[in-house]
Structure formats: C-alpha cells, structure tokens
Amino acid sequence: MALTEEQRKLIQDFTGQPDFRQYGGLMTDLDGTIVQHQDGNYSIPSQVQAGLNDLYRVNCPIILNTLRFPISIIKTFAAVLYPIAQNPVPVISLNGSQWGYISPGEAKEFSFTEAGAQPLKPAEIKGFLADIRILAQNKAPDISAFYYPRDWTKGEIIWSAEEHRVPGLAQKHKSASRVYSSSLAILEKHLAAEEISMIFLSVKKDTAQGTHLQHNFKDFYTTTGANKLTGAHAFVNQLGRDLKHFIGAGDTPMDVFLKETGVVVQVGDLPLGFDCQATILPVKTVPEIGEVFTHIAEGCKFTDPSYQL
C-alpha cells in the first residue's frame, strides 16, 4: 500500500510531538494485526518484521496487547520478536488480565515476568460455574472451559464436560498444557485452588436445545472491568506513560484500547463496534502495516535510553 500525503502528515505530526517521545509509543494487537494465519500456521510477515525492526532501531517503545496467554506468545513469536527488540518485550495478555515482560531465561529459554495482574475474584468464579450448571441442566452439547491460571507456567488448561471429547480437544488444541474431564465439583475445586486470570467458555450453541439459549452467557470471563483497555491503562501508568500519547493498532471489537490511543491503525474492514477518540488510519492487510510502522519510525528518530519499558 502507499500512504496518502494526509496519512503521512498524520503520522509525522503525532510522532513529532514531545509527548509522544516522552509518554507514548506503539501498542499493537497480535493476531490479525501484525500476525497472519495461513494454512494452519501463524507468522509475522517479513514486511511487518522489517517495520518493527525500524521502530526498535529508533528506540520507539512497543507494547503487545493480546488475547493470547504468555506461553502461547513465547512459543509462537518470542524467537522472532526478541532478536528484533534486543530487550525484554512488554506484553499485556489474556484480555488485559496479566501484563509483564518476555525475555530469555537462565537456560536461554524464554520466560515471562509478571508486572501486574487482575485475576478473577472467587465470586466471579462461582458465577462462571453457575453458568456451566445451567448449560449442563439444559443438555447443551460440547461444553468445555479453557482456563488460564495466574501462574503463567501452567499455561492453558481445558476442561470438558464429556470424557469422550478429551482426545479430540487435545489434538485440536496442542497449545494446551492439560486437557481433562471431571465432575463440576472437581472443576470447582481446581478453580478455587489458585488464582485464575481468565476463562473461556465454549459450547455448541447453534445445535443446543432449551432455555439456556435465552441466557446471556459470556465467552470470556475476566474480573469485572478487565479488558484490553483497562490492562493497557494499568501497564502504561506503571511505566509513567499515557495511553493517549500512543499509536494503537488492532483489528477487532476486542481491541478496545483503540478507544483512547492518540492515533488508530485499523487492519481489515471488520467493524470495531465502538467509537475511537482519534483519527483512524485504515490498512487492508497484515503485511501492509509494516509500511505504517516504517513511517512511524521515520517520524520518531531519536535516541533516549529512557525508552526501555
């Protein structure tokens, strides 16, 4: 793609502001924004890698804000991103529930260091279990729960209401650390044993019968108010920065941090479903955002060791 003169000026004017240099940076979603999915594989296109490299070379802070859990980020992207960044990579994970840094550990394996979190409260866990019981009582098919302990090393755990589905789930979701089936009582015991960052409820609603279809079930369970926007505020505030001085990049209605960034780069044409305070710069495909990153880098060439997050 070729940016219009108006778009170039938008980027130049924003990145030229002292507040952008001192308090801002780039905050970007992963999947669908800088990561593309083709033939079952996830990758960061070479054009995007080049744009990210340009940003890191001029010391522009970059924060990843994603639905993914830390181990998924590490296994899928750390080996690509860290060599470009050459510094710990700041990430907000699990829909704003946990944030911190990804960096090489003692054995040169990547690890996650938590800087903050907002896990589910016990009452919210009970609310989730109440929803599961309603689904089970109404014989909803294919009930499963994906849950993510605050202890990031435990990764993704999948519970199924039906034992026969466990092998298939394990085969489909190879990123899971554990897939099992049990009674609801045992699931409740497991969820109560430690802090949980997020739960994803999956059920085959389209073929389900009964009154549960009238119930307003959530897909994602996080503590009240937790999402990509509140997680963004919590992390950038810790860093002494301000979201309004960031350029935000995303592609779906879950990228609510775009509501309050100073410039918005939207990838694709899916309606966001919310209003943004800033001007939206549209990008059609994931590879094309690499050019946007390069122009951001051209507008913010500076050397300041305080950039490190």
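Start by selecting Ile289, Gly290, Val292, Phe293, His295, Ile296, Ala297 and Gly299, the buried residues of helix α9. Buried here means under 20% relative accessible area, exposed over 50%, and partly exposed in between, with a 1.4 Å probe and protein chains only. Helices (H or I, at least four residues) and strands (E, at least two) are DSSP runs numbered from the N terminus.

The model is predicted, with local features needing pLDDT of at least 70, side-chain atom pairs counting only at pLDDT 80 or more, and totals for chains, interfaces and linings using all residues. Residues are numbered from 1 along each chain as its sequence is written, and side-chain values use heavy atoms, with hydrogens and water left out.

Widen the selection to residues 289–299, the whole of α9: 8 of its 11 residues are buried, so the helix is largely enclosed by the rest of the structure. Within α9, pick threonine 294. Threonine 294 is partly exposed, at 23% relative accessible area. Leaving aside residues up to four places away in sequence, threonine 294 touches Gly51 and Asp54, where contact means heavy atoms within 4.5 Å. Add threonine 66 to the selection: its C-alpha atom is separated by 22 Å from that of threonine 294, and the two residues are 228 apart along the chain.

Next, show the sheet. Its 8 strands form an open sheet with mixed pairing, in the order β7-β6-β5-β4-β1-β13-β14-β15. Two strands pair if DSSP finds at least two bridges between them. At the edges stand β7 (110–117) and β15 (280–283), each with a single partner strand, so one side of each has no neighbour in the sheet. From one strand to the next, the twist averages 25°. Axes are lines fitted to C-alpha atoms, for helices over the stretch in contact, and angles run from 0 to 180 degrees between N-to-C directions.

Zoom in on β5 and β6, which pair in the antiparallel sense over 5 bridges. Select isoleucine 92 and tryptophan 99: the latter, in β6, is the bridge partner of the former. Then bring in α4, which lies across β4 (62–65), β5, β6 and β7 and runs at about 55° to β6.

Finish with two loop residues. Which loop holds glutamine 86? Glutamine 86 lies between α4 (70–85) and β5 (89–93). Its phi is near 60°, a positive value in a residue other than glycine, and at 52% relative accessibility glutamine 86 counts as exposed. Asparagine 95, in the loop between β5 and β6 (98–104), also has phi near 60°. Is asparagine 95 buried or exposed? Asparagine 95 is buried, with a relative accessible area of 7%.
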